[in-house]
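Please open the model in your viewer and keep the selection panel to hand. The stops below say what to select next and what is to be found there.

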Amino acid sequence: FSPLGSHLRLAPRHDDSSAHLRGPCRVTSSRSLSCVSPSPSSAPSVPPASVPTAQSLSVPQRWSSALSLKANLTDATADAVEAARSQLPQGVTPDLAIVHACSLYSSKFQWDGLVPQMRRMLPDVKAIIGTTTGGNIGRSAEREEPGEAQEAEGVPSVSVTLASLPDVTIKPFQMLASEIPDKFDPAEDWISYLGVPPSDVPLFFMYSTPRFMRLQGLDNVIIGLDQAYPESKKVGGLASTFGASSSPAIFAWSAMSSSSNFNMTALWPENVPAGEISLDTFAQDGLIGLMLVGDIDVRTRLAHGCRPVSDRFRITKCEPHKIVEIFKDEPPSPQKMVDLEELSETAQSFAALQGANAEKRMSEDGVGAADTVPIDPWSEYTRLTYELDDTDANLIKKATMLGVEQVPMQLPSPSDVSQASSAASSRYLVEELPKASFREGGLLIQQPIQEGQTMRFYVRDMYGAQVDLSETLQRLAYDLDEDATFRPEGLFVLKGLDRGRKLFGKGNYEVEKLREWGYDGPLMGFFGDGAIGPMIKGGNTYLYGSCSLFVEIGPKNPDRTRASTPMNETTRARLREIKRQRGGSFMVSPFTSKVDYSPDNPDPDITLPRRLVNVARPVSISTIEFSLPELAPLPSHRLEEMVWSKEMEVDRLRDRYPMSNLMYQVGEYNLRPANRPRDLYGSLCRQKAERGVALVGECMKASPNHGILKAKYDPKAIASTYADGGERRGVAAVSVHIDNKYYAGNFDDLGAARRGSTVPIIASDIFVYAWQIVRARLAGADAVKLVAAVLSDRDLQAFLKVCERISVQAIVSVSSREQLERCLRLDGCKIVAINNLNFWDMQPDVHRTTRLLTDEMRRRLKEKEIFVLSEGGVDTAEELRAVVSAGADGVILSEAVLRDADPRSAIERMLT
Ligand SMILES: O=C(O)c1ccccc1NCC(=O)[C@H](O)[C@H](O)COP(=O)(O)O
């Protein structure tokens, strides 16, 4: 039995029985509005939303929501309604009810009774709107106080949201794909169809069925409404189900008076009592929505799920569902956009235009011939799997995603062509390719294509999604805390079915992150087949697949009395502290570092991708995706900046000194007695045994925080001063910074330092290629310091093997608990350095060492005989004592010692 399996039946409205006799009508479908369709000039034909007065502004807008996991639909609905109602103050009656019911409930009887039950329990409510879902998001159904936020996945659940909306008029509507205006019809047709003038700036809140989308209805609505109501925001979601045993459906009911033009149409009129117009059972087709006019607004933001990993390719030869030949394409430059616009006046179609433009570019700019040699998609895919770093290569093998830009087929009119030339309006339909898609003679895909369209490959990964989520929620927290112009009273989370456990590997990930970022207000949402909303503020509306759309909702008027405080005070205080520490802002730029930062986690696990990022900001999706303008990537923090610069530097050098030559030379080098490797581990252990703590001196001409430290830089003299007095009084090793850009060093400094002392010399750099390790050894390094945050497990392990092979020891520098755990898993990691610097601003926090060295961690490190150093900000005797008593075996001395006129006395002072 499928409770949602019944087919949509279209029946005449009981108050306009002629309606069903008319054929599909684009402009004035009487099914969606009243029998009298207003003409554009006559709109508005509805009572305007009341203008808030001082008295009405003292009545807050209120949202309440509750999620029940009770095992049968009727009980769960009752539970959720009662809990949500009890959270509203006495005497406040809700105007609107929103129901999200998981499709896992299987009693048809109970589904049929859902809306009537709601109406009985909420006799004063003016409209009910709802959808079946594959899972729900909300706070557990507690009485009076909202409960714990949770994501109910794979279990039956109902979420009920109630809203009391003073100074807001609710205008429900319902649409069928066959009856609505077309997206290319004049805006007036849409205005006439809906009967609300754009000057009312209605907020559109919509639930669509996937079928309505497949029939192009949603596309029409989204584009049509954007044209007709450019100032209005449009948000919503696509109905879904858990599993495929039932069909997604929407349902609604409205008790607007029959004199109103905005009555909900009846899809099931035989159930509707006379005088009431209602859609009170389920429809698998169509779209239902509310136009909310008056004191109401939303702020939306989007967290994505997958990211492009390949260049763009123009499809040069294809069949309707088969890509035969592609060539590398370039995103249009501003100059080319002008070209496009000029051409558009005479072009017959966008596809022809694109082809012309591509040819034009090839001939005018001489875009590399090699780049424009047509290739087959399989060759490009194979090349990509070799070229991607390990992580992305694995991801693309696991799930190959292909996106095809939709612009050519959807925007055939000349005016749209110029719009299409802006990357912001370009849209990719991304689909997962089954293994058998690559066939002899082409790549089979589901979506129809035509020559001239652009495609690219994507991967879907947890890290990309985590980063995006983290950044999205930072912005949400920032606005909750700072933006006095819009203060929400509730939050909808509309997310793709493939998020949740499937994406993040554990349940409740997103609501937990929301909590960490301090959102404390009413929370509602569901796992849907897609979400509708703008991608950027003021931008076009789109439909998204595997994203989470966060829709904050509240009064437009900032003077309205507040009902809730959506951010708790503890978080607010914590955010203020973070902002203070970061010089007034806690925003990080939205690019590619793999960081799961939250105010609860001062030691975030940063893992950077090795490759230089040369693609656009990742934007998402498994079903439908829209690209952002191609922004030039900016590093998220100092470490990322360093890594990118290092990638470029080393890439050039590697060509000049090939690895094979270096490996040959290192064999010879190691044979010479003068070059015999000095044993860092032994030196550290000996000093720790004799003095209770081992010290490593830092040798650098400049540092990222302090600029030039030594105008006359002599690494030989510095190493000699540090080591003077031997292992007992001096340092156990010297760390030489060889990075040029940030530390003004070079490989030669290693040899100089080695000549100035007998202690082991550590090469400090951002090691991203094994090439650098071999080169450092040839310059005199006995050890290298590898930064765990920039290396994958696989790279780290490989680098340790390279070190072993050429007789170099390694220190692995870590800055989070997760990275310490990684070290414990590595084969051959004998020395770790806890780096106390935070990578955003390189400021030290020596407490990181104490935080990370828990009793348990100390025990496990000792068990594996791993020597622990603490690095960064250990400037005083007290700080030294603190990190040693936390469990550090040694310390890499800070720049303060290096700068001291007498570094030896500085060391003695620290040891007292
Ligand atoms: O060790 C690391 O993980 C690391 C990675 C990237 C940059 C610096 C790192 N460690 C700190 C150091 O190497 C120096 O101690 C530090 O940059 C000294 O500079 P400053 O604090 O500016 O004097």
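What percentage of the 912 residues in the protein do buried residues make up? Buried residues make up 60% of them, where buried means under 20% relative accessible area, exposed means over 50% and partly exposed lies in between, with a 1.4 Å probe and protein chains only. This is a predicted model, in which local features need pLDDT of at least 70 and side-chain atom pairs count only at pLDDT 80 or more, while totals for chains, interfaces and linings use all residues. Residues are numbered from 1 along each chain as its sequence is written, and side-chain values use heavy atoms, with hydrogens and water left out.

With the whole protein shown as a cartoon, there are 31 helices and 38 strands; helices (H or I, at least four residues) and strands (E, at least two) are DSSP runs, numbered from the N terminus. Of the contacts in the protein with a separation of 6 or more, 79% are accounted for by residues 24 or more positions apart, contact meaning heavy atoms within 4.5 Å.

**Helix 2 and helix 4**

Select helix 2 (73–87) together with helix 4 (residues 114–121). The two pack at an angle of about 30°, with their axes 11 Å apart; axes are lines fitted to C-alpha atoms, for helices over the stretch in contact, and angles run from 0 to 180 degrees between N-to-C directions. That angle makes helix 2 roughly parallel to helix 4, since angles under 35 degrees count as roughly parallel, over 145 as roughly antiparallel, 65 to 115 as roughly perpendicular and the rest as oblique. Helix 2 passes helix 4 in a right-handed crossing, a crossing being left-handed if the near helix is turned anticlockwise from the far one by less than a right angle, and right-handed if clockwise. Showing side chains, one finds Thr74, Thr77, Ala78, Val81, Glu82 and Arg85 of helix 2 meeting Leu114, Gln117, Met118 and Met121 of helix 4. By class, this contact has five nonpolar, three polar and two charged residues, where Ala, Val, Leu, Ile, Met, Phe, Trp, Tyr, Cys and Pro count as nonpolar, Asp, Glu, Lys and Arg as charged, and the others, Gly among them, as polar.

**Two loop residues**

Next, select aspartate 95, which sits in the loop between helix 2 and strand 2 (96–102). Is aspartate 95 buried or exposed? Aspartate 95 counts as buried because its relative accessibility is 12%. Beyond residues up to four places away in sequence, aspartate 95 touches Val125, Lys126, Ala127, Ala163, Ser164, Leu165, Pro166 and Ile170. A distance label between the C-alpha atoms of aspartate 95 and valine 168, 73 residues apart along the chain, should read 9.4 Å.

Then move to serine 140, in the loop between strand 4 (135–139) and strand 5 (149–153). Serine 140 counts as buried at 13% relative accessibility, and, leaving aside neighbours within four places in sequence, serine 140 is in contact with Leu67, Gly147, Glu148 and Gln150. The C-alpha atoms of serine 140 and alanine 84, 56 residues apart along the chain, are separated by 9.8 Å.

**Helix 10**

Select helix 10 (residues 377–387), whose buried residues are Pro377, Glu380, Tyr381, Leu384 and Thr385. These buried residues cover an arc of only 135° around the axis, which puts them on the same side of helix 10; the arc is that of the directions from the helix axis to the C-beta atoms. An α-helix has 3.6 residues a turn, so residues three or four places apart point the same way. On the other side of helix 10, Tyr386 and Glu387 are exposed.

**Helix 23, then helix 24 and helix 25**

Helix 23 (residues 748–756) is mostly covered, with seven of its nine residues buried. The elements that cover those buried residues include helix 21 (715–723), strand 32 (733–737), strand 33 (761–764) and helix 24.

From there, select helix 24 (residues 770–779) with helix 25 (residues 793–805), whose axes come within 10 Å and cross at roughly 25°. This makes helix 24 roughly parallel to helix 25, and the crossing is right-handed. Ala770, Ile773 and Val774 in helix 24 meet Phe799, Val802 and Cys803 in helix 25, and the residues of this contact divide into six nonpolar, no polar and no charged.
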